[in-house]
Amino acid sequence: MARILMKGNEAIAAAAINAGCRHFFGYPITPQNEIPEYMSRELPKIGGVYVQAESEVAAINMIYGAAGAGARVLTTSSSPGISLMQEGISYIAGAQLPCVLVNVMRGGPGLGGIQPSQADYFQATRGGGHGDYRVLVLAPANLQEAVELTELAFDLADRYRNPVMLLADAMIGQLMEPVELTPCTPAPDLPPKDWATTGTVHSGGRRRVINSLYLDANDLERHVLGLYAKYAAAEQREVRYELVQCDDADVVLVAYGTTSRIARSAVEKCRRLGLRVGLLRPITLYPFPTVAFEQVIPRAKSFLVVEMSMGQMVDDVKIAVAGRRPIGFYGRSGGVVPSPGEVVKAVQQLPGGQVA
Amino acid sequence: MKVVYEKSRGLTDTPMHYCPGCTHGIIHKLIAETLVELDVLGRTVMVCPVGCAVFAYDYFNCDSQEAAHGRAPAVATGIKRVLPDNVVFAYQGDGDLASIGMAEIVHAAMRGENITVIFVNNAIYGMTGGQMAPTTLLGQPTTTSPAGRARVGQGAPLRVCEMLATIDATAYITRVSVHTIPRLNGAKRAIKKAFQMQLDRKGFALVEVLSTCPTNWGLTPVDALRWVEQNMIPVYPLGVFKDVDGGS
C-alpha cells in the first residue's frame, strides 16, 4: 500500500480500524479531536459504531461494557479527560478486560494548556487510578511507529486482558508525516474470549460474570497476585526500546516520544562538536526497559534524561541505573518544547560531556 | 404430585442476602419470570449496580457485568452497541441512578438507547447504612439527615420518571409499586412491557419500582409496606409517564 501523508491523530484512528476496532466511545477534547472525528466518519461506513459519550466518565464505562461483550474497543482523550477516566480504567484492569486507550498529552496541572507535554508519565505508568494494577504503556516517536504501536496495542490488550495505553502528546497528534498502513490481522495465538458476556446460549449455559468485587481479603489478594503474574510475564516479553549511537557513548540521553526526536537531533549536534553522545529511547514505558541500561552502563560516564515535564521518567532511570552513574535531567514544562541546543548545553554540564 | 408453584429458572439457587421485608427479592423474581416468559434468558446480559443489589449477578441465571457506582447505563450502552440482538438491562437503586449516576441515565435516555432499566427507589442509601438519598422524603430522618430532610439546605425529593419523560427519545417510562398483590401484578406487566419494548427495538424503557427498606427506615416489614402507601406514593405517584405505544 502507498504511503499517505496523514495527521498523527488520523493515523492513530486509521490504525485502530486497521487492527479490527469497530467500536469507539469518546468525548471531545483538544488536541485529539481528529480521532473521534475520523471515527464518526469512517466507522459507520464499515458497519462499526461511534458513540459520543456525555463525558469521559461515561465513555470509559461504555468501553468497559463493550470490552466485556468481546469487542476490540478504543477510547481516546487528552490529559484532563484521561484523569476523569481513571476510575473506569481501574475497574477495567480489575475485571481483566482488554481495551486500548490513547492519551494525546497536553500541559497541566488543572485545565493547563493545549500544547505538547509529557507530564502524565507517572499517571500512565503507575496505574493511574486506585488499587494494585498497571497499564501497559507504548510511546511512539513518529507517525509510522504510532500506527504500528496502535495495532500492537490491540494484540497486547487481548493477550494480557488489560488496558493498553498509547501515550502520545500534542506534537505527535498534530504533526503530519507519511505513513503506510499494511494489512493487519490479530496475532494468531491470542487466547479465546470465552469470558465475554454474550449470553449463556453461547456458553453452553455457563453464566459469565464480569466483576472486580472480592469482599474476602484473601480472595482479593489472590486476584491481585494473578494480575501481577500477568505483569511479570509482560515485563519478560514485551519490553521495547531503541539504542542510537550508544556503542561508544560517554553520555547517554534518555527520552521517549517527541523529546526523543529532539534528543536525536541533540546527539547529532554533539557528535559534530566531537562529543560521544548516544540515545536510549524507551518505546514501552511500562514495562520500562530497565534491561537496556545494562548494555550502556559499562561504557557510559553519565546519563541525561530529557522530558517535557518537571522530571517523571527520570525516577525510572534512577531505578535502572541504581546509583552506578550520575544522572542529569533537562525538562521543560507547561507545553514548552525543549530545543536541541538546550539539550546540548545540558550534556556539556555532565561527566563525559566535554571534548577530551 | 402436582407442581403448583416453583422458583423461576431465571434465578439461581444462591440464597439472597437481602434484609427481611426488603422487596428487592420480589423485584428480582418479577424480572426473572419475565425473561423466561419472553424466552430471552439465554441472550440476556444484566448490568448490576453498586448498592444493595451489588450481588445481583449471583442471583440471576444469565450473563452479567458489575458496573461502577452509577455507571450502569453507560456500561449497558457499551454492551448493547456491540450486541444489538441481545437483551441488555440495568438494575439500579436510587443512590446509584438518581445521585452519582444522573448524567449516565439522562444521556442513555437522551440517546434513546435500546435498553431496559429497572430503577428501585427506596428513598434511602441502603447498603451503606441509611444515608440521605436525592429521593429521601421531606422530614424523613436518615443517618445524614438525623433531624429529617429539610427543604432548605437538603432540597426536595427528585422525581426521576417525571424528569425522564420530558426527554423526546424515551419510549416507555413508568412508576410502579410492589407493596400489595394487585400492585405487584401491575409491576410485572410493566416490567414485561419494558422488555418487550427492547425486543421491538422501540428504545429506552425505564420502570421505577417503589421499594421498602425496613432496616434503615426503622420499621417492621408490614409497617414498611404501609409506609410506601402512605408516604411514598403521595410524593411519587404511580402511573405511566411516557409510552410511545400510546397506552397508559
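Just after helix 6 of chain A, Arg161(A) adopts a positive phi of about 45°. Helices (H or I, at least four residues) and strands (E, at least two) are DSSP runs numbered from the N terminus. The structure is a predicted model, in which local features need pLDDT of at least 70, side-chain atom pairs count only at pLDDT 80 or more, and totals for chains, interfaces and linings use all residues. Residues are numbered from 1 along each chain as its sequence is written, while chains are lettered from A and ligands numbered from 1 in the order in which they are written.

Helix 6 of chain A covers residues 143-160. Its 18 residues should span 26 Å at 1.5 Å a residue (times one less than the number of residues), and the end C-alpha atoms are 25 Å apart, which agrees. Of these 18 residues, 17 are buried (20 or more other C-beta atoms within 10 Å of the residue's own, with C-beta atoms placed from the backbone; exposed means 12 or fewer, partly exposed in between).

Chains A and B also meet. The contact (C-beta atoms, placed from the backbone, within 7 Å) takes 32 residues from chain A and 28 residues from chain B. Four elements of chain B each supply at least two residues of its side:

| Element of chain B | Residues |
|---|---|
| Strand 1 | 44-48 |
| Strand 2 | 63-66 |
| Helix 3 | 72-82 |
| Helix 5 | 102-110 |

Helix 3 of chain B gives the largest share, 8 residues.

Strand 2 of chain B pairs in the parallel sense with strand 9 (residues 209-210) of chain A over 2 bridges; pairing requires at least two bridges found by DSSP. Gln65(B) is the bridge partner of Ile210(A).

Terms used. Contact = placed C-beta atoms within 7 Å.
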